[in-house]
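Q: Could you help me take a close look at a single part of this model? I am in my first year, and I would like to follow one piece and then see what surrounds it.

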Amino acid sequence: MDARCDVAVVGGGLLGLATARALARRGLAVILLEQADVGHDGCGSKGSCRIFRLGYDDPGWVRMAERAREPWAELEEECGRPLLHPAPHLTFGPGLDAVRAAMHSAGAPHELLAAAEAAARFPQLPVGGPALLEPASCVISADAALRALAAAVPDIRTGAAVTGIADDGRRVTVRTASGPVTAGAAVVCAGPWTSALLAAGGITVPSAPTLEQVGYVAPRAEPGPAMPIFICHGAEVPYGLPVPGSPLYKIGFDHSGPPADPGSQEQGPDPVLSARLSGLARRYLPGFDPELARAERCVYDNSPDEDFIVDRVGRIVIGSGTSGHGFKFGPLLGEWLADLATGQDADPAARRFSLGRFRAAGAH
Ligand SMILES: Cc1cc2nc3c(=O)[nH]c(=O)nc-3n(C[C@H](O)[C@H](O)[C@H](O)COP(=O)(O)OP(=O)(O)OC[C@H]3O[C@@H](n4cnc5c(N)ncnc54)[C@H](O)[C@@H]3O)c2cc1C
C-alpha cells in the first residue's frame, strides 16, 4: 500500500476514530489503519450503549466529564442525530459520600435523596438506602457514535494490521502486510494491543486487559416507568443502564472479568458471570426477568491506576489505558491526541495521563 500522509492513526475503535476525525477537521491528511473492522467483536468500543456520568469520586474527573459534553454536542450536530440520551442516574453504596463531595467541589448538579425519597421516586430500582441523583447523565448510543465518527474520517483502511512503527526523528514508518505508510507522526490507539505493538520499538505502555461480561434483561410485562442509570460504589460495582430504542436493560459489574489476551478472546458467555448478573437483576430490577436475554463479552484496556494514557514519545502519540470508563470522553480525548500529534503541548488536564507517572511509581 506504500502511502504517505500527515498523520497515521492505528486503531479504529473510539479513540482512533475520534483522533482521526479531529485531525481531518484540522485539514490534515490522515490514514486510519484498523486490523479488523470498525466496532468489531473483539474491540473495547463495541455494543449498543455506554454510560455518560459526571459522578466520579475525584473532582478532576467530574470536571473532565463536564468538558466532554461540548465535543459530543458538536458531533451530534455534525451527524444530525442525538447520540447522548438524557437519563437520571442514581449513585449509591458506600462510595456515595466521596462522589457527592467530588461533585460538590466541581460544582456539578446533584441531589441527595434520603432512602424513603429514593424509594418513592424510583420504585422501579429499589436501591435500599440513600442515593445521589445526577440529573445531567445520559446513555450514549455507542454504535451510532462510532458510525458518526467514522463518517467524518475520509481514509479508513480496514483489515490493515500494523506490524511495527519506526520513528527516525524526521518521520514515522508504519508497517503493514500490504506495505508501509510514511507520516509525520503516528497516533497509536490500539486499545489492549497497544502495549505489544509498541514494545518492539522500545516504548513501554503498561496494560492488563480483562475480559468483562455484560447482560441484557427484558421487562416481565409491558415496559413500566422509564429506568434510570445506576452505579453502586462498593466492594463490588454493579451498574445498569437503559438501552436506547429497546425495552432491554443492560447490567454489569465493573472490573469483574478475568485477565485476557486481546488476540484470543472467548466470546461465549461465562456461566459464573451470567449467574452473578442474574443475581444482580433479582436484587435491583423487580420489573425484569432475571434470566439474561443476551450476554456480551467485551475487553477492558486497564492501566495500573485506571487513569488513561495520553502521551507522546518522539513522533509517536499514544492514547490507551481507558480502563473501562473511556467512552464518555472519546471526542475530547480525540482533540487532546490530535493536539499532541500536531506538536502542541498537552492540555493541562491531560498531563495526569503521561507515561512518566509509571516510571515515577517504579513501573518501567
Ligand atoms: C463492557 C464494557 C462496558 C463499558 N462501559 C462504559 C461506560 O458505561 N462508560 C464509559 O465511559 N466507558 C465504558 N467502557 C469503556 C469504553 O468502551 C472504552 O474505554 C473505549 O471504547 C476504548 O476505546 P479504544 O479506542 O481505546 O479501544 P478499542 O475499542 O479496543 O479499539 C482499539 C482498536 O485498535 C485495533 N488494533 C489493535 N491492534 C492493531 C494493529 N496492530 N493494527 C491495526 N489495528 C489495531 C483493534 O482492532 C481495535 O479496533 C466500557 C467498556 C466495556 C468493555
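Which residue in β17 is the bridge partner of Tyr216?

A: Happy to help! Please keep in mind that this is a predicted model, where local features need pLDDT of at least 70 and side-chain atom pairs count only at pLDDT 80 or more, while totals for chains, interfaces and linings use all residues. Residues are numbered from 1 along each chain as its sequence is written, and side-chain values use heavy atoms, with hydrogens and water left out.

In β17, Tyr216 has Arg294 as its bridge partner. Tyr216 also has a bridge partner in β16, namely Lys250. Strands here are DSSP runs of E with at least two residues, helices are runs of H or I with at least four, and both are numbered from the N terminus.

Now let's widen the view to strand β13, residues 210-217. β13 pairs with β17 in the antiparallel sense over 7 bridges; two strands count as paired if DSSP finds at least two bridges between them. Val214 is placed opposite Glu296 of β17. β13 and β16 also run antiparallel, joined by 4 bridges. In general, strands of a sheet pair through backbone hydrogen bonds, either parallel or antiparallel.

How covered is β13? Of its 8 residues, 8 are buried, where buried means under 20% relative accessible area, exposed over 50% and partly exposed in between, using a 1.4 Å probe and protein chains only. In a regular strand, side chains alternate between the two faces of the sheet. Both faces of β13 are covered, with Thr210, Glu212, Val214 and Tyr216 on one side and Leu211, Gln213, Gly215 and Val217 on the other.

Next comes the whole sheet. Its 8 strands follow the order β6-β7-β5-β14-β15-β16-β13-β17, forming an open sheet with mixed pairing. β6 (111-113) and β17 (294-300) are the edge strands, each pairing on one side only. From one strand to the next, the twist averages 20°; axes are lines fitted to C-alpha atoms, for helices over the stretch in contact, and angles run from 0 to 180 degrees between N-to-C directions.

Helices pack on this sheet too. Helix α3 (residues 96-106) touches β5 (89-92), β6 and β7 (131-134), and its direction makes about 35° with that of β7. Contact here means heavy atoms within 4.5 Å. Helix α7 (residues 271-284) also packs on the sheet, and β13 is among the strands it touches, along with β5, β14 (229-232), β15 (238-242), β16 (249-253) and β17. The direction of α7 makes about 120° with that of β16.

Finally, α3 has a helix partner. Helix α2 (residues 59-79) packs against α3 at an angle of about 60°, with the axes 8 Å apart. The two helices are therefore oblique to each other: angles under 35 degrees count as roughly parallel, over 145 as roughly antiparallel, 65 to 115 as roughly perpendicular and the rest as oblique. Pro59, Val62, Arg63 and Glu66 of α2 make the contact with Ala102, Met103, Ser105 and Ala106 of α3.
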